[in-house]
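Let's take a walk through this protein together, starting with the whole chain and then moving to a few helices and residues. Keep the sequence and the 3D view side by side as you read.

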Amino acid sequence: MRVRSRAIPNRSIPRRRRARWLACACALICLAVASARPLAAQDGELGEALSAYASADAARLEAFVLQPRWEGFPTELLVERTAEGAVKGVEASVLLAALEDYAARLDQSHRILGKRATRTSLKATADVLGREVPEDIVRTVAAANPKDAQLTAAMVALGDLVAAGVPPREAEELLLDAATRRPDNEEVLRLPARVRRWIRQGYQPTDAAAEVRRTMGPPPRPGGGMLDRYTKPPPDRPF
């Protein structure tokens with residue numbers, strides 16, 4: 001006598017288990033679709049840049065650029081560097097090494113800036129570190145400029161001062177003096193140009209930075225001070 005096997009009706013499967021199976025199936029489908037696309041940004045800037053390289057090199061570059069990192073990592077900065085390298089015809093191995101160095105400096109910048117790191121401040125800080133400015137100087141200048149716009153301006157100025165030949169310690173002192181005087185960000189960005197003017201007049205970079213420090217105005221006095229009695233006219237009195 002043959003015994004027929006009866007299929008288990010769907011209602012015998014717990015709803016939670018079916019939902020879990022459905023979620024797993026959806027995840028596998030998404031993974032398959034993602035793996036079917038060799039270039040995540042096929043129609044974007046990264047895809048266009050990688051099209052200049054052989055498929056194997058493009059795959060290595062893409063894997064590094066899109067590698068998962070800490071939350072908020074500015075992947076677009078690596079994409080920009082990749083596009084620049086492709087336009088200049090940089091070999092894939094050289095470009096990959098440059099991207100690895102840049103990503104490491106972005107990681108270091110993130111450790112320095114912490115939670116207040118933004119795309120602009122990370123980029124400016126990574127560029128400063130690329131000029132071999134000691135990390136303790138970068139940390140000190142960053143701490144003296146708490147707001148993002150101030151921080152970015154200070155980092156850009158720090159990099160430009162070092163590029164002009166000012167030793168990092170003297171550049172640090174100049175920017176710390178500027179921070180105590182609380183000038184606007186445009187004035188901070190003009191500091192390297194002021195230093196270069198003194199250099200063109202024959203001053204050494206260190207002396208030029210010292211002259212700029214000397215000619216900066218005094219720090220503001222909250223609520224005024226004794227000097228205000230002589231620099232400000234007396235108020236009009238009603239009697």
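The protein chain exposes about 15,800 Å², and carbon and sulfur atoms supply 54% of that area. Keep in mind as you look around that this is a predicted model. Of the 239 residues in the protein chain, 31% count as buried.

What is the chain built from? Its secondary structure comes to 12 helices and zero strands. Reading from the N terminus on, the elements run α-α-α-α-α-α-α-α-α-α-α-α. To get a feel for how the chain folds back on itself, take the contacts with a separation of 6 or more: residues 24 or more positions apart account for 61% of them.

Now turn to helix H6, which spans residues 119-130. A good partner to view with H6 is helix H8, residues 148-163. The axes of H6 and H8 come within 9 Å and cross at roughly 20 degrees. Angles under 35 degrees count as roughly parallel, so H6 is roughly parallel to H8. The crossing of these two helices is left-handed. Which residues make the contact? From H6 they are Thr120, Ser121, Ala124, Thr125 and Val128, while H8 brings Asp148, Leu151, Thr152, Met155, Val156, Leu158 and Gly159. Sorted by class, the contact of H6 with H8 has six nonpolar, five polar and one charged residues.

H6 also meets helix H4, residues 75-88. Here the axes come within 10 Å and cross at roughly 55 degrees. H4 and H6 are therefore oblique to each other. On the H4 side, the contact is made by Glu76, Leu77, Glu80 and Arg81; on the H6 side, by Arg119, Lys123 and Asp127. What classes do these residues belong to? The contact of H4 with H6 has one nonpolar, no polar and six charged residues.

Stay with H4 for a moment and find Thr75, which has its place in this helix. Is Thr75 buried, exposed or partly exposed? Its relative accessible area is 23%, so Thr75 is partly exposed, as buried would mean under 20%. Leaving aside its neighbours within four places in sequence, Thr75 is in contact with Val65 and Leu66. You can also pick out Arg119 from here: the C-alpha atoms of Thr75 and Arg119 are separated by 9.6 Å, although the two residues are 44 apart along the chain.

Next, look for Arg105 in helix H5, residues 92-113. Is this arginine, Arg105, buried or exposed? At 14% relative accessibility, Arg105 counts as buried. Setting aside its neighbours within four places in sequence, Arg105 is in contact with Arg81, Ala126, Asp127, Leu129 and Gly130. You have met two of these names before: Arg81 of H4 and Asp127 of H6 both take part in the contact between those helices.

Finally, follow the chain past the end of H6 to Glu132, found in the loop between H6 and helix H7 (135-143). Where does the backbone of Glu132 stand? Its phi is near 65 degrees, a positive value in a residue other than glycine. With a relative accessible area of 72%, Glu132 is exposed, whereas Arg105 is buried.

Notes. Residues numbered from 1 in each chain as written. Predicted model: local features only at pLDDT ≥ 70, side-chain atom pairs only at ≥ 80, totals over all residues. Heavy atoms only, no water. Axes fitted to C-alpha atoms, helices over the stretch in contact; angles between N-to-C directions. Helix = DSSP H or I, 4+ residues; strand = E, 2+ residues; numbered from the N terminus. Parallel < 35°, antiparallel > 145°, perpendicular 65-115°, else oblique. Left-handed = near helix turned anticlockwise from the far one by under 90°. Contact = heavy atoms within 4.5 Å. Nonpolar A, V, L, I, M, F, W, Y, C, P; charged D, E, K, R; others polar. Buried < 20%, exposed > 50% of the residue type's maximum accessible area, 1.4 Å probe, protein only. Areas by Shrake-Rupley, 256 points an atom, 1.4 Å probe, with all protein chains shown as cover.
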